[in-house]
Amino acid sequence: MTTTGMVMTRSRSVQAQTIAVSTDQDRQAGIWRMLWLAVLGLGLILAQTLSAQARPESLAPLADEVSPAVVNITTSTVIEGRTGPQGIVPEGSPFEDFFREFQDRNGGNGNRPQRSSALGSGFVISEDGYIVTNNHVIADADEIEIEFFPGEGQPKTLLPAKVIGTDPNTDIALLKVEAPSPLKFVIFGDSDTARVGDWVVAMGNPLGQGFSVSAGIVSARNRELSGSYDDYIQTDAAINRGNSGGPLFNMDGDVIGVNTAILSPNGGSIGIGFSMASNVVTKVVDQLKEFGETRRGWLGVRIQDVSDDVAEAMGLEDAKGALVTDVPEGPSKEAGLLAGDVILSFDGTEVKNTRSLVRTVGNTEVGKTVRVVVYREGKTETLKVTLGRREDAERQASPAPSTEEDGPSVTEKELLGLTIGTLTDTLRGELNLSAETDGLVILSVNEVSEAWEKGLRAGDVITEAGQQKVTSIRDLEARISEAKEAGRKSLLLLVRRNGEPRFVALNLLK
């Protein structure tokens with residue numbers, strides 16, 4: 001009994017020790033778990049702190065770094081004065097002599113040449129004085145003056161500029177100044193790396209108020225307004241009149257866009273601005289610097305997108321590529337391309353649609369022989385095409401002046417909610433426009449139209465449509481037809497009012 005009792009007592013003692021050890025292990029595990037959670041929480045707090053520190057508290061350092069390369073651009077144009085009191089009283093009115101005497105007493109400015117000024121922005125891209133801006137900022141200018149942003153305590157610097165070259169298709173111009181010392185400049189970044197949501201900074205001379213900075217984000221990428229080579233970055237950074245031609249910076253201080261246009265019902269910023277992507281601009285600038293003009297590749301075909309119905313009818317698996325609708329005299333005809341071919345690949349690059357083909361061809365060297373893969377009658381074929389130059393082809397295709405056989409020219413017509421008229425010498429006088437000004441004048445605007453909502457008014461002058469000059473009703477009708485044939489939903493107009501240009505996109509489906 002005693003022995004057994006001793007054994008049982010020892011057994012209970014061992015069991016108690018086991019329980020005690022187990023309790024200690026649980027307690028230690030709990031402590032380690034708490035320590036681990038504390039370390040994890042501390043790590044999260046530290047990560048948030050580092051992330052907050054990584055974001056700049058102010059854009060001032062960036063502005064200080066790049067602002068010396070941002071410039072204001074002032075252009076001036078001589079406008080011929082009116083030869084009489086047109087627009088004040090009808091010719092032959094009994095009050096005509098009275099108004100003429102009134103003008104003479106006040107200096108006679110009504111019939112003297114006057115100088116009109118316009119403002120824009122730009123930026124220096126090299127220490128020897130090359131400056132990038134928009135073509136519409138300096139178009140038709142007699143004189144161009146560059147104002148450099150002064151440093152603290154420094155006087156303003158004004159230098160005359162000359163035009164090296166322009167490209168209306170992308171609305172880019174390259175200027176040059178001769179400076180007494182090397183200039184501060186900025187460099188282009190890779191616009192393809194810009195993501196929707198990235199912070200950006202716009203700089204320039206909005207509404208003639210002088211140097212200004214505005215910040216926002218990339219709202220969208222790869223926007224197309226109406227041009228064949230469009231690749232716009234959309235941003236909500238404030239862009240107003242006068243900002244045109246200024247740079248759009250990323251947070252590294254690299255230029256990823258050139259501020260070009262806004263969508264607005266009243267001409268002011270509503271947070272929808274467009275900057276031409278730097279990867280487009282750099283190619284144009286390089287050509288303007290080397291040749292003084294652009295030299296884009298030309299395939300020589302008329303094309304349209306491949307719809308689902310067309311793809312099914314032709315036996316294509318996917319609705320992609322560019323459908324050839326016509327092959328006029330040129331490189332493609334010489335290489336054997338035919339109407340009805342679907343271009344699937346160009347120089348080793350897959351063709352997604354007409355836009356991608358036009359841009360790829362335009363960026364290819366003139367005179368280069370490339371392989372073009374086409375889908376024809378149920379199978380693919382590879383053709384070799386030696387590219388021509390698009391600018392030469394466009395000059396050759398320019399329509400000759402209309403003759404009597406073409407019928408009388410149209411001088412007034414209703415289009416896009418506008419009553420459009422040709423610009424005559426009389427209208428130029430009434431609108432104080434120079435004799436060299438070409439375009440179409442808006443005679444009236446339908447007040448329930450989109451054009452009215454977007455701020456177009458009688459007296460505005462349309463100088464470009466689809467980024468091509470228009471001088472007649474037929475020109476505008478041709479641009480409208482081309483846009484519709486290309487499947488575009490809107491047409492971009494360049495409109496001038498009192499010498500100030502702005503872009504307005506009008507919907508073609510309304």
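Which residue's side chain does a polar contact of 3.2 Å join to the side chain of H136? The partner is S244. This report places that contact within the predicted model as a whole, beginning with the overall composition and then turning to the cores, the strands and a few individual residues.

**Overall composition**

The protein has 510 residues, of which 42% are buried. Its secondary structure amounts to 12 helices and 28 strands. Among contacts with a separation of 6 or more, 62% are between residues 24 or more positions apart. The accessible surface is about 27,600 Å², and carbon and sulfur atoms account for 51% of that surface.

**Nonpolar cores**

The largest nonpolar core contains 46 residues. The residues with the most contacts inside this core are I73, I131, V132, I146, F148, L175 and V177. Helix α5, residues 278-291, is its greatest contributor, with five residues. Apart from this core lies another, made up of 21 residues that include A451, L476, L491 and V495.

L175 illustrates how distant parts of the sequence are brought together. When neighbours within four places in sequence are left aside, the contacts of L175 include I73, I131 and I146, and also G129, Y130 and K162.

**The barrel and helix α5**

Six strands form a closed barrel in the order β8-β9-β10-β13-β12-β11, and their pairing is antiparallel. From one strand to the next, the twist averages 45°. Helix α5 packs on the sheet, where it touches β12 (255-262) and β13 (273-277). The direction of α5 makes about 50° with that of β13. In general, strands of a sheet pair through backbone hydrogen bonds, in either a parallel or an antiparallel manner.

Two antiparallel strand pairs are set out below.

| Strand pair | Sense | Bridges | Citation |
|---|---|---|---|
| β8 (residues 199-204) and β9 (residues 212-223) | antiparallel | six bridges | |
| β27 (residues 490-497) and β28 | antiparallel | eight bridges | |

Within the pair of β8 and β9, V201 stands opposite A215 in β9. For the other pair, L491 has L506 in β28 as its bridge partner. L491 is also one of the residues of the 21-residue core. Strand β28 spans residues 500-507, and six of its eight residues are buried, so this strand is largely enclosed by the rest of the structure.

**H136 and its surroundings**

H136 lies in helix α4, residues 135-138. Is H136 buried or exposed? Its relative accessibility is 5%, and because buried means under 20%, H136 counts as buried. Besides S244, its contacts beyond four places in sequence are D171, T260, L494, R496, P501 and F503.

**Residues with positive phi**

Most residues other than glycine have a negative phi. Which residues depart from this pattern? N222 is one of them, with a positive phi near 55°. N222 is placed in strand β9, and at 40% relative accessibility it counts as partly exposed. D347 is likewise not a glycine and has a positive phi of about 50°. D347 is found in the loop between β17 (342-346) and β18 (349-350), and its relative accessibility of 30% makes it partly exposed.

Terms used. Residues numbered from 1 in each chain as written. Predicted model: local features only at pLDDT ≥ 70, side-chain atom pairs only at ≥ 80, totals over all residues. Heavy atoms only, no water. Core = buried A, V, L, I, M, F, W, Y, C linked by side-chain atoms within 4.5 Å. Buried < 20%, exposed > 50% of the residue type's maximum accessible area, 1.4 Å probe, protein only. Helix = DSSP H or I, 4+ residues; strand = E, 2+ residues; numbered from the N terminus. Contact = heavy atoms within 4.5 Å. Areas by Shrake-Rupley, 256 points an atom, 1.4 Å probe, with all protein chains shown as cover. Polar contact = N/O pair within 3.5 Å; in protein donor to acceptor, adjacent residues only side chain to side chain. Pairing = 2+ DSSP bridges. Axes fitted to C-alpha atoms, helices over the stretch in contact; angles between N-to-C directions.
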